[in-house]
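Student: I am new to this structure and would like a close look at a single part of it. Could you take me through one helix slowly, and then place that part beside what can be said elsewhere in the model?

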Amino acid sequence: MTVFLKLLRTEMKISLRDPLYAFFTLLFPVLLIAILGNVPTMQEAPPELGGLRVIDLYAGLALGLAIGIIGLQGLPAVLATYRERGILRRLATTPVRPGLLLGAQLTMNLITVLISAVLVYTVANLAFDVPIPESPLLFLLAVLLNCSGAFAIGLLLAAVAPSGKTANAIGTFLFFPLMFFAGLWAPRELMPEVLQRIGDFTPLAAGQDMMTDALLGHSPELISITVLLGYLVICGAAAVKFFRWE
Amino acid sequence: MTVIEVKNLAKRYGETVAVRDVSFSVERGEIFGILGPNGAGKTTTVECIAGLRTPDSGSITILDGSAGDPALRTRVGVQLQEGELQDKLTVREALELYSTFYPDPADWRKLVDDLGLTPKLKTRYGKLSGGQKQRLSIALALLGNPEIAILDELTTGLDPQARRDTWDLISGIRDRGVTLLLVTHFMEEAERLCDRIAVIDKGEVVALDTPAGLVQRAGDEQRIRFRPSLPFADELLTGLPEVKELRRQGERVEIIGSGNLLHAVISVLARDGIVAAELTLEQASLDDAFVNLTRGE
């Protein structure tokens, strides 16, 4: 356990030394909310949103953005690099199993998302009256499931990509359409029906739906949970099957 | 006491045979070298011993376990080729982190001091030179106070001074009672450091001996070259039992022979008042032995 905590601390330190990572996962989501919150149309509440204002949705989207960047770009690039450069291989010669480093990476990324969530919702609530989720536990579950979907895809990318650069390129390629379906450019609720239905089956959109439901105090839709668990199980299993340690 | 015993090791990758049939044993406290040309199967052999690869056949016994036993990982330190660290990790952080992996770690401060890395403790891995990375890698391999250390190509990429410093360090490690398994393709390194050497070629052990023993196999032919101060007849020297052949190149003389050749030749020349100027003596080296042993058919 102490070894795991030490690995976790080390991974955390290293990732914060990467200014781009720190900026895009911790600062950028808050900045996005701070900027969007000052756009007048963001305060509007179109009837499709079921009582929410556009800015209320964007708090979740900003967090989804962090989850997408971490899960689809950061995680696979880091893990593929660890393999490519023999970091996992070196670890395999010590009493510590390289899997523990993977665990530390995943935990570190999860903690980053949670910190980002606290930052985003604190600023959104204090500055723009975005409501604190009616069901905090369901909201936490939504964040965790949203992470598990994106992280599972990231792990699969890390497993199959030959290098860190390739992993990052594929992740970036997936990031934009998935963020589109999640509603980053136009809220899902305002999309044409067909785009909404396609979006139902994408991980970041399903995660966004769960977070919105939790914000309103609604129980999560079965389809959101099923889709996210599906990504977790299928991509996770494929990642385990295909992962090469060197 | 035998601490590593490799018996009939074989490993192939698909159609490529990396190791065909390798057997040797390493005694406690010795520096055992594995020498061979590129692609001979050296690295695959040590990777199997380190438990990173599973052999197709054969057995590897290390201490009281077999290769790959989790219990061995605290007792065997490994420095591999292409095993890096995170670029943004400092030397100190790496040492502190890896120290937590072992039940009874060595004092890393002492290790980095011996390795001359103390001024680099705050430097990030990505900013280290090749030699510094290599030395950190050796420090990490020794961090667990291992009984056996496996070092693969430890001085590759080091400048001559750093290489000599590393050799001194290796001798120092042996003096602490650590058994060392060294993979190298540097003749000088093998000759300087190793008690015994297994020469591997095309996946097989082609010779296993002390460095001196290997040199002897290359034959004890010697060559003497000199410029005589006075002319002399060939017969003066060709009559000696030690002399096999005498050649003249301009005013220089080359003599090929064996045994106590130098003494025999100089004595005869001195008797006749001839001085051998610009004298050189060439003996078979580990290089010659290596070339003979691994020469393609």
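Tutor: What follows is a walk along one helix of chain A, and after that a shorter look at chain B.

Please keep in mind that this is a predicted model. The part to look at is helix α10 of chain A, which runs over residues 222-242 and so has 21 residues by the numbering of helices as DSSP runs. From its first C-alpha to its last, α10(A) reaches 30 Å, which is close to the 30 Å expected at 1.5 Å a residue.

Turning to its side chains, the buried residues of α10(A) are A:Ser224, A:Val227, A:Leu228, A:Cys235, A:Gly236, A:Ala238 and A:Ala239. These residues lie on the same side of α10(A), because the arc that they cover around the axis is only 165°. On the face turned away from that buried side, α10(A) carries the exposed residues A:Leu222, A:Val233, A:Ile234, A:Val240 and A:Lys241. As for the partners on the inner side, the buried residues of α10(A) pack against three helices of chain A, namely α6 (136-160), α8 (193-200) and α9 (203-216).

A record adds a label to this region: in an unreviewed entry, UniProt lists several spans of chain A under "transmembrane region", among them 136-160 and 222-243. In the model, residues 222-243 of chain A are 95% helix and 0% strand, with end C-alpha atoms 30 Å apart, while residues 136-160 of chain A are 100% helix and 0% strand, with end C-alpha atoms 36 Å apart.

Chain B can be read in a similar way, beginning with its division into domain 1 (2-209) and domain 2 (218-294). The C-alpha centres of these two domains of chain B lie 42 Å apart, and 11 residues of domain 1 are in contact with 5 residues of domain 2. Between them the two domains of chain B bury about 690 Å², of which 81% is on carbon and sulfur atoms. Of the area that domain 1 of chain B buries against domain 2, 52% is supplied by B:Met187, B:Glu191 and B:Val199, more than by any other three residues.

A last residue to find is B:Ala141, which has its place in helix α4 (residues 130-142) of chain B. B:Ala141 is buried, with a relative accessible area of 3%, and, leaving aside residues up to four places away in sequence, B:Ala141 touches B:Gly77, B:Val78, B:Gln79, B:Pro146 and B:Leu151.

Notes:
Residues are numbered from 1 along each chain as its sequence is written. Chains are lettered from A and ligands numbered from 1 in the order in which they are written. This is a predicted model: local features need pLDDT of at least 70, side-chain atom pairs count only at pLDDT 80 or more; totals for chains, interfaces and linings use all residues. Side-chain values use heavy atoms; hydrogens and water are left out. Helices (H or I, at least four residues) and strands (E, at least two) are DSSP runs, numbered from the N terminus. The expected span of a helix is 1.5 Å times one less than its number of residues. Buried means under 20% relative accessible area, exposed over 50%, partly exposed in between (1.4 Å probe, protein chains only). The arc is that of the directions from the helix axis to the C-beta atoms. Contact means heavy atoms within 4.5 Å. UniProt positions are given in the numbering used here, feature names are shortened, and annotations may be inferred rather than shown by experiment. Domain bounds come from an automatic or database domain assignment. Buried area is the accessible area (1.4 Å probe) that two parts lose on being put together, summed over both.
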